[in-house]
Amino acid sequence: MTGSRMNTRDRTYLERAVELALQSERAGNLPVGALLVLDGSIISEGASSVLQPVYDPGAHAEMCALRGVDKALWPRAREMTCYSTLEPCVMCMGALLLHGVGRVVFGATDVEGGAGGLLPHLPPYYAGTNAMEWVGPLLPEVCDPLYRRTDEAFAKLPCGRDALRSRDS
């Protein structure tokens with residue numbers, strides 16, 4: 001992970017991600033929001049829809065945002081930045097990496113499932129200019145409480161931490 005200094009542009013987009021996260025939470029989902037930016041414009045937004053309308057473990061905010069990008073823009077993926085309230089998980093980091101998104105900025109570190117620790121272990125063909133820039137946490141004072149609520153809600157799911165621990169006992 002790099003950097004803890006936030007510029008005005010990063011703050012603006014992270015604040016929009018927070019708005020998406022809060023909307024998601026009000027709709028009965030996990031409070032995680034994400035968006036993709038290109039040339040200073042938001043090109044897609046996503047919010048967690050893991051829990052509602054039906055349980056969908058792949059409907060993370062970043063995945064929803066990726067699905068909304070106009071296919072004609074993918075040749076410029078290296079110029080895109082993904083902003084998320086929470087450090088992306090392994091699934092989302094893999095999707096962002098495979099789509100070629102050049103930069104990821106997140107508000108809170110996910111100590112339970114964040115994928116940032118995997119970046120130094122990527123295959124050689126992702127080394128250097130092919131690997132994404134991973135920046136954060138840049139807004140922990142706002143995003144850490146969202147993460148705690150996400151973690152608490154996730155722990156209660158049938159596939160969550162509490163269920164796995166009781167199964168192993």
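Select R11 to begin: at 34% relative accessibility, R11 counts as partly exposed. This is a predicted model, so treat what you see as a prediction. Now add E15 to your selection. The side chains of R11 and E15 meet in a salt bridge, with N to O at 3.5 Å. Both residues lie in helix 1, four residues apart, which is about one turn of the helix. E15 is also partly exposed, because its relative accessibility is 37%.

Stay in helix 1, which covers residues 8-26, and pick D10. Its side chain forms a salt bridge with that of R103, at 3.0 Å from N to O. Follow the pair along the chain: D10 is in helix 1 and R103 is in strand 4, 93 residues apart. Are these two buried or exposed? Both D10 and R103 are buried. Add E133 as well, since D10, R103 and E133 are linked in a network of salt bridges.

For another charged pair, go to R76 and E79. Their closest N and O atoms are 2.6 Å apart, in a salt bridge. R76 counts as partly exposed because its relative accessibility is 28%, and E79 is partly exposed at 45%. In the whole structure, a search finds eight salt bridges.

Next, select strand 1, residues 33-38. Six of its six residues are buried. Turn the strand in your viewer: G33, L35 and V37 point one way, while A34, L36 and L38 point the other way.

Which strands pair with strand 1? Strand 2, residues 41-47, pairs with strand 1 in the antiparallel sense over six bridges. Look for L38, whose bridge partner in strand 2 is S41. Two residues lie between the strands in this hairpin, where D39 takes a positive phi near 55°. Strand 3, residues 81-86, also runs antiparallel to strand 1, joined by four bridges. Here the bridge partner of A34 is S84.

Now click on L66. Leaving aside residues up to four places away in sequence, L66 touches L36, W74, A95, L96, H99 and V101. L66 and V101 have the most contacts inside the largest nonpolar core, which has 24 residues. Strand 1, helix 2 (61-67), helix 3 (90-99) and strand 4 (103-108) each supply at least two residues of this core. Helix 3 gives the largest share, five residues.

For a last stop, select Y13, A21, A108 and Y147. These are among the 23 residues of a second, separate core.

Notes: Residues numbered from 1 in each chain as written. Predicted model: local features only at pLDDT ≥ 70, side-chain atom pairs only at ≥ 80, totals over all residues. Heavy atoms only, no water. Buried < 20%, exposed > 50% of the residue type's maximum accessible area, 1.4 Å probe, protein only. Pairing = 2+ DSSP bridges. Core = buried A, V, L, I, M, F, W, Y, C linked by side-chain atoms within 4.5 Å. Contact = heavy atoms within 4.5 Å. Salt bridge = Lys/Arg side-chain N within 4 Å of Asp/Glu carboxyl O.
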